[in-house]
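Colleague: I am new to this structure and should be grateful for a close look at a single part of it. Please choose one strand and describe how it is set into its surroundings, and then into the rest of the chain.

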Amino acid sequence: MATPLVVSELCKSFTMHLRDGIRLPVVDKARFALQAGECAVLGGPSGAGKSSILKMLYGNYAVDSGQIIIDHHGTLTDMAAASPRDVLAIRRDTLGYVSQFLRVVPRVSALDIVAEPLLARGRDRAEALARSRDLLSRLNLPERLWDLPPATFSGGEQQRVNIARGFITRHPILLLDEPTASLDATNRAVVIDMIAEKKAAGVALLGIFHDQDVREAVADQIIDVTDFAPAKAA
Ligand SMILES: Nc1ncnc2c1ncn2[C@@H]1O[C@H](COP(=O)(O)OP(=O)(O)OP(=O)(O)O)[C@@H](O)[C@H]1O
């Protein structure tokens, strides 16, 4: 089996169009690999480029140069150069992403938001809803909230809906952008267990975690993003 994700020589800079097109280099020659069954954590201080790397891997930010090689159904595909159609196929089947904030959809219940990724893959509705209930219950979301749209939920409640939605599928690679930022200790422990189960199932995970306790509990590898800091201009 191929390594699920290999990043090499990845570079990113931002062009500030409102400031005379000034170029702000952020990531220089990032290189790392994720193994199946392992959780790697992006480390480094605020502003080091952790989120930018995650967004490049998911195809939300264009890259300046470098490669993001993903094992997509046994074919090695460069996410950095993939067509929009390939990006969507990779996201559907291979590369999952749990963002920090839930994108709420008006009038859609928490239960349906969590079940939706399974329904989009053609799974049976009853089975998808059953999986959704299991996850929401495990994440201690009060049952009275399940049939309500999450727009009015607290930050931690919305984050738990988002985690359930991100974990319901069986993507071989899962990106996690501070999934525990708004959670209390009890629910952080649940997410730590859920990450351990993904690892046991052979998923390759890459995350940003600001909580030291979560990082220590889940990390098999720390990728220090300061190693990819662009050289400062003289
Ligand atoms: N869309 C953007 N346009 C311009 N600059 C950006 C953009 N996104 C990020 N940056 C800049 O890139 C640098 C890295 O930001 P990034 O969010 O990747 O860091 P981070 O390590 O994730 O930080 P934090 O831990 O605070 O979330 C910062 O200096 C930031 O201002």
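Modeller: Buried residues make up 37% of the 234 residues in the protein; a residue is buried if 20 or more other C-beta atoms, placed from the backbone, lie within 10 Å of its own, exposed if 12 or fewer do, and partly exposed in between. This is a predicted model, in which local features need pLDDT of at least 70 and side-chain atom pairs count only at pLDDT 80 or more, whereas totals for chains, interfaces and linings use all residues. Residues are numbered from 1 along each chain as its sequence is written.

The part chosen is strand β8, residues 204-208, and five of its five residues are buried. Strands (E, at least two residues) and helices (H or I, at least four) are DSSP runs numbered from the N terminus. Cover is found on both faces of β8: Ala204, Leu206 and Ile208 are buried on one side, and Leu205 and Gly207 on the other.

The next matter is the sheet around this strand. Strands of a sheet pair through backbone hydrogen bonds, either parallel or antiparallel. Two strands count as paired here if DSSP finds at least two bridges between them. β8 belongs to an open sheet of five strands with parallel pairing, in the order β6-β7-β8-β3-β9. The edges of this sheet are β6 (95-98) and β9 (221-224); each has a single partner strand, so one side of each is left without a neighbour in the sheet. From one strand to the next the twist averages 20°, with axes fitted as lines to C-alpha atoms, for helices over the stretch in contact, and angles between N-to-C directions running from 0 to 180 degrees.

On one side, β8 pairs in the parallel sense with β3 (residues 39-43) over three bridges, and Leu205 in β8 is the bridge partner of Cys39. With β7 (residues 173-177), β8 shares five bridges, again in parallel; there Gly207 is the bridge partner of Leu176. Between β7 and β8 the chain passes through helix α6 (residues 185-200), and this β-α-β crossover is right-handed: with the strands pointing away from the viewer, the path from the first strand over the helix to the second runs clockwise. Further along the sheet, β7 also pairs in the parallel sense with β6, over four bridges, and Leu95 stands opposite Ile173 in β7.

Helix α1 lies across β3, β6, β7 and β8, and runs at about 145° to β7; contact here requires C-beta atoms, placed from the backbone, within 7 Å of each other. The protein has another open sheet, of four strands in the order β2-β1-β4-β5 with antiparallel pairing. Its edge strands, β2 (22-34) and β5 (75-78), each pair on one side only, and its twist averages 30° from one strand to the next. Helix α1 (residues 50-58) packs on this sheet as well, touching β1, β2 and β4 (65-72), with its direction at about 70° to that of β2. Within the sheet, β1 (residues 5-16) and β2 pair antiparallel over nine bridges, one of which sets Ser13 against Pro25 in β2.

α1 also leads to the ligand. Among the residues surrounding the ligand are Phe14, Leu24, Val26, Gly49, Lys50, Ser51 and Ser52, where a residue is near a molecule or strand if its C-beta atom, placed from the backbone, lies within 6 Å of it. β2 and α1 are the elements that give two or more residues to this shell, and α1 supplies the largest share, three residues.

Finally, the whole chain. The protein contains seven helices and nine strands. Of the contacts with a separation of 6 or more, 70% join residues 24 or more positions apart. The radius of gyration is 18 Å, which agrees with the value near 17 Å for a compact globule of 234 residues; this radius is taken over C-alpha atoms, and the globule rule is 2.2 Å times the number of residues to the power 0.38. Along the principal axes, the C-alpha atoms fill a box of roughly 60 × 35 × 35 Å.

Technical notes:
Contact = placed C-beta atoms within 7 Å.
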